[in-house]
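Let's walk through this one together, from a pair of strands to the place where two chains meet. Have a look at the sequence and the structure first.

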Amino acid sequence: MDCRVEMGDLMITLSNIHSFVLGLQAVYTEKKDYLTQLDSPIGDGDHGINMARGFDAVIKAWDAKPPIDIGEAFKTVSMAIIKNVGGSSGPLYGTMFLRMAAFVGKKTEIDLADWTSALEKGIEGIAQMGKGQKGDKTMLDAFYPALAALKSAAGKSLKEALSDSVQAGTNGMKDTIPMLAKKGRASYLGERSIGHQDPGATSAVYLLEIAADKFGE
Amino acid sequence: MKKIINDANAVVLETLQGMEKAHGDIIKVNYDPFFITRKEIKKKVAIVSGGGSGHEPLHGGFVGLGMLDAACPGAVFTSPTPDQMEAATKAVNTGAGVIHLVKNYTGDIMNFQMAADICAADDIKVEAIVIDDDVAVKDSLYTAGRRGVGSTVLTEKIIGASAQRGDDLSAVVKFANYCKDNGRSMGMALTSCTPPASGKPIFDIGDDEIEMGVGIHGEPGRERMKIKPADELVDYMMEPILSDLSLKNGDEVIMMVNGMGGTPLIELYVAFNHAVEVANKKGIKTARSLVGNYITSLDMQGFSITIMKANADILKLWDAPVWTAGLRWGI
């Protein structure tokens, strides 16, 4: 049997989305101190704390009322983030998942093309809410290259495409180090923001990594 | 880290419980979601503010007669969330309109915007006023703009008085915009603050160094410099404030010298003494003043100066009765 073709056909199920959300809670809890450390010199030192608190609330909301389709799942994630994260990550990630929910709707499984389009809608939501652009030293600098990698993944398996998106996102995240911040609290630093990796781009890469890890399992 | 806390995650909750016990005659606290309202809601324009915790008495300590109708406390140094502002807005809305008074931080702007959108969908008219008075930050296309700091306190007092006497929404908004345009501030820090959740200082600073132009969340300022005598610090801070406001001989101002939370009043009065002298030398009269801890940054040592250009209307509103946990006179 041609293994590659079979893997390429793999769908992302509601159960994969559940693993993804559990994985995000685990990674943001594990990386809480690291994200907070990144946020201290150029932000206000709370990104890890807020993301960990937010995804604890996501899991609580999911367990209280397990979603029956992927749209509802993304909406559950969005609402819990909006209500519990605060700061700017709350509205930004909250809006992202809300747009993804609207795109996916009542589907209980999605394919790579759906995931790519959902992510694109989510990223558009982030850009609108934060009025951000590529190169502003924000989460968009990880998300845009990751999205471009997914879009050019025609013919690749789900796993390969997701892995490419992680690689592209990681490169984008590293590219934020020499950037001058133009949005958020880091922008107050002007030149002093140069030389620091953006915490938002870092938390965005974790999201891409967990997706690559949990989808296509 | 040494702090008078039980659990870093319970600090905001236990502070609210303490405030309710201390000031139950003035405020009511809602716990899910967190917001503080006046004990009695009467028909008038409502003023709702909010922001991260850690700046007490701002904002909850300014809820009461003649000032705010509701305040939404976020986690320490983290904007509150839209469900808080939505619930607080609905709790104090009497149909005369609601003002959201927002300090200019990316998170606060986005969360208040989401709340205003939700309220608009329920036919509640919300006007957002964004305070951005910190002259330490360059206001340019390439930053998030000037931060909202000390002018927020003065604005809450002035527009609170306007709403209290029965002005309509457009009149209260006019005074809010006046405050936004005519108040400027600058702060400095001797030490960093230490947020309870991280337990670590936000920045390292030498024993003989200060951060000039610091923000109220420990954001870096204009310059790291050696400590100087109080008068020289005040000179450094007054210059950009006065020049940004283009004040001239004969102008009257309200001046606040505010402690960041860890600086004793004895030092604040030393600073205030010279700030008034600096203004006097330029022929600017300090018509009203406020010296104390009003917009703090947890345990940070340092102070800020806020100056708002005044006129007869503004001074009348400033002198109007106020009865809150953090500010009370005229009754």
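How many residues does the hairpin use to join S1(B) to S2(B)? The hairpin makes the connection through 2 residues. Please keep in mind as you read that this is a predicted model.

**Strands in chain B**

The two strands of that hairpin are S1, residues 27-31 of chain B, and S2, residues 34-38 of chain B, and they pair in the antiparallel sense over 5 bridges. If you would like a residue to click on, try B:Lys28, whose bridge partner in S2(B) is B:Thr37.

Chain B also has an open sheet of 3 strands, in the order S4-S14-S15, with antiparallel pairing. Strand S4 (64-65) and strand S15 (328-329) of chain B each have a single partner strand, so they stand at the edges, and one side of each is left without a neighbour in the sheet. Strand S14 of chain B, residues 322-324, pairs with S15(B) over 2 bridges in the antiparallel sense. Here B:Val322 has B:Trp329 as its bridge partner in S15(B).

**Where chain A meets chain B**

Now to the interface. On one side, 27 residues of chain A take part, and they are in contact with 33 residues of chain B. About 2,200 Å² is buried between chain A and chain B, and carbon and sulfur atoms give 61% of that area. Which three residues of chain A supply more of the area it buries against chain B than any other three? They are A:Arg185, A:Tyr188 and A:Arg192, which supply 29% of the area on the chain A side.

For polar interactions, the rule finds 7 residue pairs in polar contact across the interface of chain A and chain B, with both residues at pLDDT 80 or more. Several helices of chain A give two or more residues to the side that touches chain B: helix H3 (32-42), helix H4 (47-64), helix H5 (70-84), helix H6 (89-104) and helix H7 (112-130). By class, that side of chain A has 9 nonpolar, 11 polar and 7 charged residues.

The rule also finds 1 salt bridge across the interface of chain A and chain B. In it, the side chain of A:Arg192 meets that of B:Glu211, at 3.3 Å from N to O. A:Arg192 and B:Glu211 also belong to a network of salt bridges that links them with B:Glu209 and B:Arg224.

**Salt bridges elsewhere**

Over all chains, the structure holds 25 salt bridges. The table lists some of them, including the one across the interface.

| Lys or Arg | Asp or Glu | N to O distance |
|---|---|---|
| A:Arg192 | B:Glu211 | 3.3 Å |
| A:Lys107 | A:Asp114 | 3.5 Å |
| A:Lys214 | A:Asp213 | 3.6 Å |
| B:Lys42 | B:Glu40 | 3.6 Å |

How exposed are these partners? A:Lys107 is partly exposed, with 36% relative accessible area, whereas A:Asp114 counts as buried because its relative accessibility is 15%, and buried means under 20%. A:Asp213, the partner of A:Lys214, is partly exposed at 41% relative accessibility. In the pair from chain B, B:Lys42 counts as exposed at 59% relative accessibility, and B:Glu40 counts as exposed at 55%.

How values were computed
Residues are numbered from 1 along each chain as its sequence is written. Chains are lettered from A and ligands numbered from 1 in the order in which they are written. This is a predicted model: local features need pLDDT of at least 70, side-chain atom pairs count only at pLDDT 80 or more; totals for chains, interfaces and linings use all residues. Side-chain values use heavy atoms; hydrogens and water are left out. Two strands pair if DSSP finds at least two bridges between them. Helices (H or I, at least four residues) and strands (E, at least two) are DSSP runs, numbered from the N terminus. Contact means heavy atoms within 4.5 Å. Buried area is the accessible area (1.4 Å probe) that two parts lose on being put together, summed over both. A salt bridge is a side-chain nitrogen of Lys or Arg within 4 Å of a carboxyl oxygen of Asp or Glu. A polar contact is a pair of N or O atoms within 3.5 Å; within protein, one must be able to donate a hydrogen and the other to accept it, and residues adjacent in sequence count only if both atoms are side-chain atoms. Ala, Val, Leu, Ile, Met, Phe, Trp, Tyr, Cys and Pro count as nonpolar, Asp, Glu, Lys and Arg as charged, and the others, Gly among them, as polar. Buried means under 20% relative accessible area, exposed over 50%, partly exposed in between (1.4 Å probe, protein chains only).
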